[in-house]
Amino acid sequence: MQRTQVAIIGAGPAGLLLGALLHKAGIANQVLELHSSDEVLARMRAGILEPGTAALIDELGLGGAMRRDALIHAGIAISFGGQRHRLDLQGLSGQSVLVYGQNELTRDLMSARAAAGLPTHFQTEQLSLHDFDGERPYLRYQRLGQSHELACDFIAGCDGFHGIARASVPTRAYRCFERGYPFGWLGVLADATPPHEELVYAQHERGFALCSMRGRSRVRCYLQCSLSDKVEQWSDGRFWDELHARLDPATAAALRPAPSLEKSIMPLRSYVAEPLRFGRLFLAGDAGHLVPPTGAKGMNLAAADARDLAQAFIDHYRGQGESALARYSEQALRRVWRAERFSWGMTRLLHHFPDHNGFDQRIQQAELEHLFSSRAAQTVLAEGYVGQSLN
Ligand code: APR
Ligand code: PHB
């Protein structure tokens, strides 16, 4: 049987960052990933880094490509009532965010891991977790037709919402808190100039829309859609027409349709599992919680979990006691719930809820108008968006 100190399940941002932080501290770890590296890198994901997340990448010495290619955004725009309103993140919170795709960050972390010769086992199948409630946990998996066992001190479940780690815990051992939303997001990636230098979040009676970007000549745009919609029902033409209809005239006029490079639909969901620790198994990132993408918090939460969990393991291996490991779940959940509240609040503020009546709609309008007439309200949103008030 092979052995390592920390066995990490999942090569997404949570698992790869945890692996990099542990390696920097001299703690042996192995990453096991269900898919191939190409498949992991091909998944479309969000693209906003809070300054705290970017600082963590810098601390690891892995911020080279990020600092070269990321766009620094000192504000965001909110489009409603036919106008674009600016939220001055920098002026209100003293901080900006970075626009850098999760795919790029994952690629940077994977190549650093490969360059350092650290073990990452892609295409691991039938992975199972054993004895994590005892002293000697281990994993069993198949790879290229061969069976393997990996003994470890700890297991980090960084395998996303549909992973095996949380699913291996008896359901009576944890509670789930959930909120579904009666709509999804239809996302399109296309080579086009972004219609505005900052992200535009649009509230419209036809539904929410978002114009984000990947660099200066590629857009990532989203439309609120029905949960029953299928990608095939959305031709490129229909997508761009609908997006134009939901944007303020200035943004719409600057947006040129282009062929889609990728098109996908995702449901929106808020989810928290409590606790995030089960004996020697710890959950981090989407494995333990989900936020709707409106606040762009998913990747930042995964990074913060990895940072705290790495620190707890470091304390343990340096003989500084178990208190950080004992605190991990509670500490992470406090942060998670703040991000849940923020993401739920932004989702509620900007979407069209099919079950809302006229009263609810007027309240939403009043909330948006309050936001742009109150610096205090803007500061609250800006501090949440840059992650300042969430840690
Ligand atoms: N065995 C091994 N690996 C698995 C298994 C399994 N049984 N199940 C899932 N995985 C892998 C997935 O293939 C994926 O690569 O775990 C990885 C989890 O990565 P992410 O889903 O990216 O989750 P996380 O690292 O927590 O990052 C959260 O990703 O989903 C986005 O928007 C979310 O930005 C957030 C971020
Ligand atoms: C993205 O660029 O994919 C993105 C940006 C901001 C969000 C969500 C997604 O709030």
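Hi everyone. Let me start with a bit of vocabulary: in this talk Ala, Val, Leu, Ile, Met, Phe, Trp, Tyr, Cys and Pro count as nonpolar, Asp, Glu, Lys and Arg as charged, and the others, Gly among them, as polar. Keep in mind, too, that what you see above is a predicted model.

With those words in hand, how is the shell around ligand 1 made up by class? There are eleven nonpolar residues, eight polar ones and five charged ones. Of the 24 residues around the ligand, the ones that come nearest are Glu 33, Arg 43, Arg 45, Gln 102 and Asp 286.

Which helices supply at least two residues each to that shell? Please find α1, residues 13-24, and α9, residues 298-317. Helix α9 gives the largest share, with three residues.

Now let's zoom in on some atoms. In the side chain of Gln 102, an N or O atom sits 2.7 Å from an oxygen atom of ligand 1. His 35 also takes part through its side chain, where an N or O atom is 2.9 Å from a ligand oxygen. With Pro 13 the partner is a polar backbone atom, and the distance to an oxygen of ligand 1 is 3.2 Å. And how much of the ligand does the protein cover? On its own, ligand 1 has 710 Å² of accessible area, and the protein covers 88% of that.

Let's leave the ligand and look at some strands. Strand β10, residues 125-130, pairs with strand β11, residues 138-143, in the antiparallel sense, over four bridges. If you want a landmark, Glu 125 stands opposite Gln 142 in β11. On we go to strand β12, residues 146-151, which pairs with β11, again in the antiparallel sense, over six bridges. Here Arg 143 stands opposite Gln 146 in β12. The hairpin of β11 and β12 has two residues between the strands, and Leu 144 takes a positive phi there, near 50 degrees.

Finally, let's step back to the whole chain. How is the chain divided into domains? Domain 1 is built from three stretches, 2-73, 97-177 and 269-346, while domain 2 is built from 181-268 and 352-385. Taken over C-alpha atoms, the centres of the two domains are separated by 29 Å. The domains do meet: 21 residues of domain 1 are in contact with 20 residues of domain 2.

That's my tour. Thanks for listening, and I'm happy to take questions!

Note on methods:
Residues numbered from 1 in each chain as written. Chains lettered and ligands numbered in written order. Predicted model: local features only at pLDDT ≥ 70, side-chain atom pairs only at ≥ 80, totals over all residues. Heavy atoms only, no water. Near = heavy atom within 4 Å. Polar contact = N/O pair within 3.5 Å; in protein donor to acceptor, adjacent residues only side chain to side chain. Areas by Shrake-Rupley, 256 points an atom, 1.4 Å probe, with all protein chains shown as cover. Pairing = 2+ DSSP bridges. Domains from an automatic or database assignment. Contact = heavy atoms within 4.5 Å.
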